[in-house]
Each structure stands twice: as C-alpha cells, then as structure tokens.
Amino acid sequence: MTRLSPVPAVASAELTIHRLVARPVLVPLSLPLVTAGGAVDKAPLVLLDLETEEGVTGSAYLFTYTPRALAATARQVEELTPLIAGQKVAPLALAERLSAAFRLLGRSGLVGMALAGLDMAAWDALAKAQSLPLYRLLGAEARRLPSYNSKGLGMIGAVMAAEEAPALLAEGFQAVKLRLGYPTRAQDLEVAAAVRRAIGPEPRLFVDFNQTLTLAEAKHRVPPLEDFDLEWIEEPLPWDDYRGHAAVAAETVLPVQQGENCWGAGDFDKALEAGLDAVFMPDAMKIGGVTGWLRTAGLAAARGVQISSHLFPEISSHLLAATATAQWLEYVDWAAPVLAEPFAVTDGVGQPSETPGIGISWDEATVKRFTAEI
C-alpha cells in the first residue's frame with residue numbers, strides 16, 4: 001500500500017496556486033447500499049489535488065452520487081484553474097472571489113461541489129505547510145467523536161436487516177443507521193422492530209427516509225417509531241421542505257434531522273427560520289467545504305443546535321472537532337480503497353488524523369485500478 005509522503009518543507013506559509021487536478025474514480029462498495037431514494041454499488045468520486053508553486057499539494061475528494069455526474073464534475077473542477085492559477089492559497093479570499101465569479105450562474109449543484117472541493121484542498125495545503133493537522137490549524141483540540149456505522153442497512157427487509165445490523169456493530173461501533181421508506185408503514189415498523197431486537201436496547205439506532213415521504217405519510221409513519229428508541233429521524237420529506245420537516249417534528253418527540261443537502265449557511269438559516277433548531281447535519285461538500293462549514297457551525301453555536309456530519313469522515317472529524325455543538329460523526333468507508341491510510345473508528349469513537357492536513361493521500365495503485373473512463 002502507498003504510504004503518506006512527507007510534506008515538503010516550506011520557508012513561508014504563503015503558498016501560490018499552480019493548478020487544480022481532478023481524477024474521476026469508481027470505487028466498489030464493500031457493502032452495496034439500496035435506499036428508498038436509489039441504489040449505490042460503486043462510489044463515484046472525484047479526487048482533487050491542488051498543486052502549489054512551493055511543492056505542497058492539498059488534497060480532497062468529492063462524492064457525485066451517480067456516475068453520470070463524474071465527467072461533468074471533474075471538468076467543472078479543472079475549469080477552476082484559469083480562475084485561480086497564480087493566486088495565493090487563502091481559502092476565505094478565494095471563496096469570496098469565486099462566489100462573485102459565479103454569482104449569476106449560482107453556487108449550488110456542480111459549481112458548488114467544485115468550489116467546496118477547492119476550499120477543502122486549499123485548507124489541506126495550508127495545514128500541510130504549517131505541519132499541522134487541520135483541526136489544529138482551525139484552533140481546535142482533538143476530540144473523541146461518537147460515530148455510527150452508516151454503510152449498510154439499506155432496503156433489504158426485516159430478516160436480512162436483523163442479520164446485518166449486529167455485523168455492522170461488530171466492526172467497532174455502538175450505533176448504526178437504518179434506511180426506511182418501504183411501501184407501507186407496517187413494513188417500516190416491522191424492519192425497525194427486527195433491527196432493535198437484533199441489536200438490543202443499548203446501541204443507538206438512527207433512521208433515514210431519504211426524502212421519500214409526503215407530509216401526510218410522514219405524520220402517519222414517524223410517531224409509531226418512537227417505540228424503538230431512535231436517535232433521530234432523517235429527511236422524511238424533500239430536503240428543502242423546511243416547513244414540512246418542522247410540521248413533522250411537531251408530531252413526534254424524535255428529533256427530525258435535516259441538512260445534508262443544504263447548500264451553504266444560508267440554507268441552514270432557512271431551516272432555523274422554519275423552526276428546525278434542534279439538530280442539523282451539514283455535508284462538507286454541499287455546505288461549502290471548510291469555510292462553509294465554519295460559517296454554519298458559528299450559526300449553530302449561537303442557537304445551541306447540535307451538529308453532526310454527513311459522509312466524508314476524514315475531513316468531517318476535523319470539522320466536528322472545531323464545532324462547539326458537535327454531536328455525531330457519520331462513518332462510511334466508500335473512499336477507503338483509494339486512501340493510503342483509511343479513516344478508522346475504534347470502540348465507537350472516531351478522531352481526526354494527526355497527520356498534517358486532513359490526513360489523506362492516495363493509494364495510487366488502487367486509484368489507477370478504479371479510474372473511470374469519462
């Protein structure tokens with residue numbers, strides 16, 4: 001396996017951008033996942049490398065959900081190079097300049113993903129230049145983060161879910177996420193009951209509906225799930241139906257989790273205005289990278305909203321360490337095959353890497369094997 005390469009010594013923390021390189025890969029999942037919103041058997045990732053004139057390279061990756069978006073995302077990333085080449089690696093300044101450059105087109109969708117990838121890679125490069133792990137560059141201390149295994153428990157029925165849940169816990173976890181949204185409420189309840197019986201009363205259990213219910217159906221399905229001692233109910237409605245989610249929350253004692261599809265701190269503010277002020281789970285890619293996350297975390301701290309992560313455990317562990325109201329780290333292993341040192345959870349706890357930067361570098365042999373033709 002490729003090892004993490006040493007970081008070049010930099011006389012000054014000031015770095016100058018040379019170019020941004022994007023490489024698309026399709027990584028087979030160790031456990032294919034079927035949700036009510038779609039199936040995933042391979043992780044379509046875009047690997048980013050921000051090369052600097054000083055020899056420091058900042059790295060990050062994007063998850064495009066569908067292979068159909070790989071080519072367009074990779075192109076969007078590389079088309080940023082003419083806009084940033086020769087500029088200093090200053091993430092806040094870059095975010096402002098690029099926001100202005102894309103003001104008319106908008107900063108969500110593939111543009112938002114590309115900008116977030118650049119932002120994450122820029123912060124990675126700065127931390128490497130300082131020989132600091134990212135969380136320390138952000139002024140935080142290492143934090144032991146309660147983590148849940150989210151890579152399985154798709155729409156596989158009660159029998160298979162009851163078999164799979166203990167196996168996921170056995171990988172070093174004390175919490176798992178279950179996908180629901182079966183054709184009927186009775187089926188949802190049957191699966192939830194089977195999983196709770198299989199894992200016992202102590203492990204924490206999360207439920208994700210993947211945006212598949214109507215408001216009426218959510219009000220019908222969610223309250224009975226209170227019997228299974230769930231940590232939260234996630235996205236029963238389309239992600240941007242903030243008022244609808246607040247209406248569901250009013251019908252249950254279970255926290256209604258939302259946020260993984262929000263594009264920046266402005267969308268978080270919309271959730272707050274609708275009354276969703278208990279829990280929130282930004283996605284490092286969609287929320288705007290490190291810069292967008294910090295802005296969102298500041299709003300959350302002011303309101304006492306608990307923040308959990310969505311995917312990207314490598315960088316999310318650093319970001320949660322720098323989040324005053326941090327709650328849960330979501331774990332998936334989807335990028336692990338292309339990483340020289342995959343992220344690990346031990347005894348239900350994840351911690352940010354102590355390697356300078358985010359702590360990721362590529363296993364080039366595996367990257368070559370999984371490179372996607374686009």
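**Helix H6, length**

I began with helix H6 in this predicted model and asked whether its length fits its residue count. At 1.5 Å a residue, the 13 residues of H6 should span 18 Å, and because the C-alpha atoms at its two ends are 18 Å apart, the expectation and the model agree.

**Helix H6, buried residues**

I then looked up which residues of H6 are buried, and found Ala-158, Ala-161, Glu-164, Ala-165, Leu-168 and Leu-169. An α-helix has 3.6 residues a turn, so residues three or four places apart point the same way. I kept that in mind while tracing the surroundings: the buried residues of H6 pack against S1, strand S4 (145–149), strand S5 (175–179) and H7.

**H6 against H7**

Next I took the pair formed by helix H6 (residues 157–169) and helix H7 (residues 185–199), which pack at an angle of about 35° with their axes 8 Å apart. The crossing of H6 past H7 is right-handed. On the H6 side I listed Gly-157, Ala-158, Ala-161, Ala-162, Ala-165, Pro-166 and Leu-169 as making the contact, and on the H7 side Glu-190, Val-191, Ala-194, Val-195, Ala-198 and Ile-199. Sorted by class, the contact of H6 with H7 has 11 nonpolar, 1 polar and 1 charged residues.

**The sheet S1-S2-S3**

I turned to the sheet and noted that 3 strands form it, that it is open, that their order is S1-S2-S3, and that the pairing is antiparallel. Which strands stand at the edges? They are strand S1 (17–35) and strand S3 (57–63), each of which has a single partner strand, so one side of each is left without a neighbour in the sheet. The twist from one strand to the next averages 20°.

Strands of a sheet pair through backbone hydrogen bonds, either parallel or antiparallel. For S1 and S2 I counted 14 bridges in the antiparallel sense, and the two strands form a hairpin with 2 residues between them. Strand S2 (residues 38–52) is joined to S3 by 7 bridges, again with the strands running antiparallel. I followed one residue across the sheet: Glu-51 in S2 is the bridge partner of Arg-19, and Thr-57 in S3 is the bridge partner of Glu-51.

**Strands S6 and S7**

A parallel pairing turned up elsewhere, where 3 bridges join strand S6 (residues 204–208) to S7. One pair I checked is Leu-205, whose bridge partner in S7 is Leu-230. Is strand S7 enclosed or open? I found that 5 of the 5 residues of strand S7 (residues 230–234) are buried, so S7 is largely enclosed by the rest of the structure.

**Helix H12 and His-318**

Helix H12 gave a similar entry, as 9 of the 9 residues of H12 are buried, so this helix is largely enclosed by the rest of the structure. The buried residues of H12 include Glu-314, Ser-316, Ser-317 and His-318 alongside Pro-313, Ile-315 and Leu-319. I singled out His-318, found in helix H12 (residues 313–321), and recorded that His-318 is buried, with a relative accessible area of 0%. What is His-318 in contact with, leaving aside its neighbours within four places in sequence? I listed Pro-133, Leu-134, Tyr-135, Pro-352, Ser-353, Gly-357 and Ile-358.

**Two loop residues with positive phi**

I looked up residues other than glycine with a positive phi, and one of them is Tyr-65, with a value near 70°. Tyr-65 lies in the loop between S3 and helix H1 (70–78), and because its relative accessible area is 32%, Tyr-65 is partly exposed.

Asp-347 also has a positive phi, near 50°, in a residue other than glycine. Asp-347 is found in the loop between strand S12 (345–346) and strand S13 (349–350), and at 58% relative accessibility Asp-347 counts as exposed, because the cut-off for that class is over 50%.

**Glu-217**

My last entry concerns Glu-217, found in helix H8 (residues 215–221). At 26% relative accessibility Glu-217 counts as partly exposed. I also looked up its separation from Asp-241, which is 24 residues apart from Glu-217 along the chain, and the C-alpha atoms of the two are separated by 14 Å.

How values were computed: Residues numbered from 1 in each chain as written. Predicted model: local features only at pLDDT ≥ 70, side-chain atom pairs only at ≥ 80, totals over all residues. Heavy atoms only, no water. Axes fitted to C-alpha atoms, helices over the stretch in contact; angles between N-to-C directions. Helix = DSSP H or I, 4+ residues; strand = E, 2+ residues; numbered from the N terminus. Left-handed = near helix turned anticlockwise from the far one by under 90°. Contact = heavy atoms within 4.5 Å. Nonpolar A, V, L, I, M, F, W, Y, C, P; charged D, E, K, R; others polar. Pairing = 2+ DSSP bridges. Expected span 1.5 Å × (residues − 1). Buried < 20%, exposed > 50% of the residue type's maximum accessible area, 1.4 Å probe, protein only.
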